[in-house]
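I opened this model to look up a few local details and wrote down each one as I went. The entries below follow the order in which I checked them.

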Amino acid sequence: MWELGNTLVPFFGVIIAMMFAIDAGYYVALALAPVAGLLLLRLFIIQHDCGHGSFLRSRSANDWIGRALGTLTFTPYDCWKRLHALHHATTGNLDARGFGDIDTWTVGEFLSRGFFMRLFYRAYRHPIVLFGVGPAYLFLLRHRLPFGLMKDGSKYWVSAIATNLATAVLLAIPLYFFGIATTLWAIMPPLLVAASAGVWLFYIQHQFEEAHWDKASDWSFHEAALFGSSHLDLPQPLRWFTGNIGVHNVHHLASRIPFYRLTEVFNAFPEIRNLNRFTALQTFKATVLGLWDEEQRTLVTFREARSRRAAN
């Protein structure tokens with residue numbers, strides 16, 4: 001509860017400060033948007049742990065805190081929880097892609113597709129789309145309806161619609177006191193910062209050169225979790241803002257460990273610390289990767305895929 005309080009209180013404090021400053025005409029208040037965005041990202045990490053049932057001991061308490069936080073993160077909790085569980089159950093499985101992950105084609109699949117399909121996929125994998133347009137679309141539009149869960153029952157429609165209504169009620173308060181313009185200037189920039197940072201984190205957690213993918217017949221949950229997930233070694237205070245989610249190989253191996261105890265694993269098992277380890281600067285190289293080469297068992301760039309095509 002301390003982790004929840006020391007994130008929720010500063011988040012609301014920064015948002016309210018931004019609204020008063022913007023309402024007074026001080027647009028320099030937008031400099032607070034990255035701080036508010038990182039605090040919102042940390043609230044999402046708490047919501048994420050609630051989805052795994054690891055934040056608190058009580059399952060129902062986890063679920064209701066997760067649903068409440070969903071109104072702030074613009075993320076229907078039950079919908080996201082289901083898709084994220086599928087992601088954990090299928091990560092690194094080439095025959096079970098498409099559940100809560102970054103779309104990844106193999107070199108063979110890419111070369112066999114038509115021109116426009118290849119163009120669309122390349123546009124999708126471009127950093128401007130992945131970390132800019134995509135996160136905005138995901139959190140502002142796609143999360144509003146439970147796409148991907150159409151056949152899984154009414155529970156997910158209730159989750160999405162209830163979250164939309166609860167978020168609207170919550171936004172009605174600043175809209176009444178500060179108006180539309182001030183509310184949008186105070187809410188949208190932090191949300192977009194959190195969304196882009198969250199997608200960047202999610203990308204580097206599984207999209208790196210020595211990642212681990214297998215066909216279903218050869219796939220192993222434990223191997224995919226440990227070798228197909230990275231350790232993003234961030235400095236403080238970024239480690240705090242991201243809720244230690246950079247320790248992702250451990251998280252995938254044992255998702256019931258709460259984020260506030262993940263670093264204890266490194267103390268107990270130091271040999272894991274350097275497994276698929278990246279610094280923040282090293283992640284930029286991974287953003288140009290786009291295809292899984294089944295022969296070399298590595299993620300490659302589109303240029304490398306073209307070279308292979310020319311060689312053949």
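**Entry 1: His252.** I asked whether His252 is buried or exposed. This is a predicted model, and I read every value below as computed from it. His252 has a relative accessibility of 1%, and the cut-off for buried is under 20%, so His252 counts as buried. I placed His252 in helix H12, which covers residues 248-253.

I then looked up which residues His252 is in contact with, leaving aside its neighbours within four places in sequence. I noted His87, His88, Thr91, His206, Phe221, Ala225 and Ser229. For one of these, Thr91, I also took the spacing: 161 residues separate Thr91 from His252 in sequence, and their C-alpha atoms are 9.0 Å apart in space.

**Entry 2: the sheet.** I looked up in what order the strands of the open sheet stand. There are 3 strands, the order is E1-E4-E5, and the pairing is mixed. Strand E1 (105-106) and strand E5 (298-301) are the edges; each has a single partner strand, so one side of each has no neighbour in the sheet.

I took the pairs one at a time. E1 runs parallel to strand E4 (residues 289-293), with 2 bridges between them. Trp105 has Leu291 in E4 as its bridge partner. Helix H6 (residues 115-125) packs on the sheet and touches E1 and E4. I noted an angle of about 120 degrees between the direction of H6 and that of E4.

E4 and E5 are antiparallel and are joined by 4 bridges. Here Leu289 is opposite Thr301 in E5. The two strands, E4 and E5, make a hairpin, with 4 residues between them. In the turn I found Arg297 with a positive phi of about 55 degrees. I also checked how much of E4 is covered: 5 of its 5 residues are buried, and I wrote E4 down as mostly covered.

**Entry 3: H1 against H3.** I looked up at what angle the axes of H1 and helix H3 (residues 59-73) cross. The angle is roughly 25 degrees, and the axes come within 13 Å. Angles under 35 degrees count as roughly parallel, and H1 and H3 are therefore roughly parallel to each other. I recorded the crossing of H1 and H3 as left-handed. On the H1 side the contact is made by Leu4, Leu8, Phe11 and Phe12, and on the H3 side by Ile65, Leu69 and Leu72. Sorted by class, the contact of H1 with H3 has 7 nonpolar residues, no polar and no charged ones.

**Entry 4: H1 against H9.** I repeated the look-up for helix H1 (residues 2-23) and helix H9 (residues 180-206). Their axes come within 9 Å and cross at roughly 135 degrees. H1 and H9 are therefore oblique to each other. The crossing of H1 past H9 is right-handed.

I listed the residues in this contact as well. H1 supplies Ile15, Met18, Met19, Ile22 and Asp23, and H9 supplies Thr182, Thr183, Trp185, Ala186, Ile187 and Pro190. I then asked how the residues of the contact of H1 with H9 divide by class. The split is 8 nonpolar, 2 polar and 1 charged.

Methods
Residues are numbered from 1 along each chain as its sequence is written. This is a predicted model: local features need pLDDT of at least 70, side-chain atom pairs count only at pLDDT 80 or more; totals for chains, interfaces and linings use all residues. Side-chain values use heavy atoms; hydrogens and water are left out. Axes are lines fitted to C-alpha atoms, for helices over the stretch in contact, and angles run from 0 to 180 degrees between N-to-C directions. Angles under 35 degrees count as roughly parallel, over 145 as roughly antiparallel, 65 to 115 as roughly perpendicular and the rest as oblique. A crossing is left-handed if the near helix is turned anticlockwise from the far one by less than a right angle, and right-handed if clockwise. Contact means heavy atoms within 4.5 Å. Ala, Val, Leu, Ile, Met, Phe, Trp, Tyr, Cys and Pro count as nonpolar, Asp, Glu, Lys and Arg as charged, and the others, Gly among them, as polar. Two strands pair if DSSP finds at least two bridges between them. Buried means under 20% relative accessible area, exposed over 50%, partly exposed in between (1.4 Å probe, protein chains only).
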